[in-house]
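I opened this notebook to keep track of what I looked up, one topic at a time. The entries follow the order in which I went through the sheets, the helices and the aromatic rings.

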Amino acid sequence: MNRDPLAVPIQISSKPPLTKASTEDRIVWTGWFCGTCTEDDLLEELPKTFTCLPLFLYNGSQALTAIVGTWFQRNFDCCFGKLVISSQDLKWLAAMWTGSGYDVSGSVSATELVFSVPVEPRIDISFAIHAEDFKTSCNDIHKSKDEVTLDEVGNLFQCLYLHFFRHFRIHLSAIQLVKVTASMASAHCERKVKFLSKDYLIRVLGFITELAIINIQY
């Protein structure tokens, strides 16, 4: 996309005490402001000269991350917060990550849906569907070339719930979806995203960017 901005990297380096002046600093923390917008209408309300970087990725300690976040919020008019990923968001990601147009082969042979039963101690129910079967189900429900709609996602999961109930007599619709794993990535409602394919890195970032923009409080 022509409007996709470049990432802005940030690094924190440290020089161990009692070392020579010529010793190179050691990088102890790295962060990136970034965002990949897959749909033009996500940015249509922004001026063309405005750079939108809604995602902040980092590699380092939580303590340094908190310091960086506090510094940016104090010196710039911005707000740092953890990415909100709801159960509905996970359903949408599952449909998008396993839908038409993607090669579902790879290290992950099945699309896994993990549901959490609200009891103590917590019980998780894992529902694994062969990636090709999941893709076929998506394509049977979504026949247009437009993006998958929320109604189509709802219909898809209703079919999955009915299939699971026939075999195990458990109503998955009554409990919360907490994790989705597909061939390109996995996402958890505890704000964790793991990239599983370098070929779809930009595409996955696009979906996560969309979630971030939707959750921005204007």
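Entry 1, the five-stranded sheet. I am working from a predicted model, and I began with the open sheet of five strands, whose order I read as β5-β4-β6-β7-β8 with antiparallel pairing. At its edges I found β5 (123-130) and β8 (192-195), each with a single partner strand, so one side of each has no neighbour in the sheet. Going from one strand to the next, I noted an average twist of 20°. As a reminder to myself, strands of a sheet pair through backbone hydrogen bonds, in either a parallel or an antiparallel sense.

Entry 2, the β7-β8 end. I then asked how many bridges join strand β7 to β8. The answer is four, with β7 covering residues 185-188 and the two strands running antiparallel. For individual partners, I looked up Ser186, whose bridge partner in β8 is Lys194, and Ala187, whose bridge partner in β8 is Val193. The two strands form a hairpin with three residues between them, and in the turn I noted Arg191, which has a positive phi of about 65°.

Entry 3, the helix across this sheet. I next checked which strands helix α4 (residues 150-168) lies across, and I listed β4 (110-117), β5 and β6 (176-181). The helix runs at about 105° to β5. An aromatic pair also links this helix to that strand, with Phe127 in β5 and Phe164 in α4, 37 residues apart in the chain; I return to its geometry in the entry on rings.

Entry 4, the three-stranded sheet. I turned to the other open sheet that I had marked, where three strands follow the order β1-β2-β3 and the pairing is antiparallel. Its edge strands are β1 (8-14) and β3 (55-59), each of which pairs on one side only, and the twist averages 15° from one strand to the next. Between β2 and β3 I recorded five bridges in the antiparallel sense, and as one specific position I noted that Thr30 stands opposite Asn59 in β3. Helix α1 packs on this sheet, where it touches β1, β2 and β3, and its direction makes about 50° with that of β2.

Entry 5, two helices in contact. How do the axes of helix α2 (residues 87-98) and helix α3 (residues 131-141) cross? They come within 9 Å and cross at roughly 100°, which makes α2 roughly perpendicular to α3. On the α2 side I listed Ala94, Ala95 and Thr98, and on the α3 side Ala131, Phe134, Lys135 and Cys138, as the residues that make the contact. By class, the residues of this contact divide into five nonpolar, one polar and one charged.

Entry 6, aromatic rings. I looked up the aromatic pairs and found that the structure holds 14. For Phe33 and Phe72, the ring centres are 5.1 Å apart and the planes stand at 75°, so I entered the pair as edge-to-face. Phe33 lies in strand β2 (residues 26-34) and Phe72 in helix α1 (residues 62-75), so this pair ties together parts that are 39 residues apart in sequence. Both Phe33 and Phe72 are buried. For Phe127 and Phe164, the centres are 4.9 Å apart and the planes stand at 55°, so I entered that pair as tilted. Phe127 counts as buried at 8% relative accessibility, and Phe164 is likewise buried, with a relative accessible area of 6%. I also marked a cluster in which ring pairs link Trp29, Phe33, Phe56, Trp71, Phe72, Phe76 and Phe80.

Entry 7, the chain overall. To close, I stepped back to the whole chain, whose secondary structure comes to five helices and eight strands. From the N terminus on, I wrote the elements down as β-β-β-α-α-β-β-α-α-β-β-β-α. Of the 218 residues, 38% count as buried. Finally, I looked up the contacts between residues at least 6 apart in sequence, and among these 61% join residues at least 24 apart.

Key
Residues numbered from 1 in each chain as written. Predicted model: local features only at pLDDT ≥ 70, side-chain atom pairs only at ≥ 80, totals over all residues. Heavy atoms only, no water. Axes fitted to C-alpha atoms, helices over the stretch in contact; angles between N-to-C directions. Parallel < 35°, antiparallel > 145°, perpendicular 65-115°, else oblique. Contact = heavy atoms within 4.5 Å. Nonpolar A, V, L, I, M, F, W, Y, C, P; charged D, E, K, R; others polar. Pairing = 2+ DSSP bridges. Phe/Tyr/Trp six-rings, centres within 6.5 Å; stacked < 30°, edge-to-face > 60°. Buried < 20%, exposed > 50% of the residue type's maximum accessible area, 1.4 Å probe, protein only.
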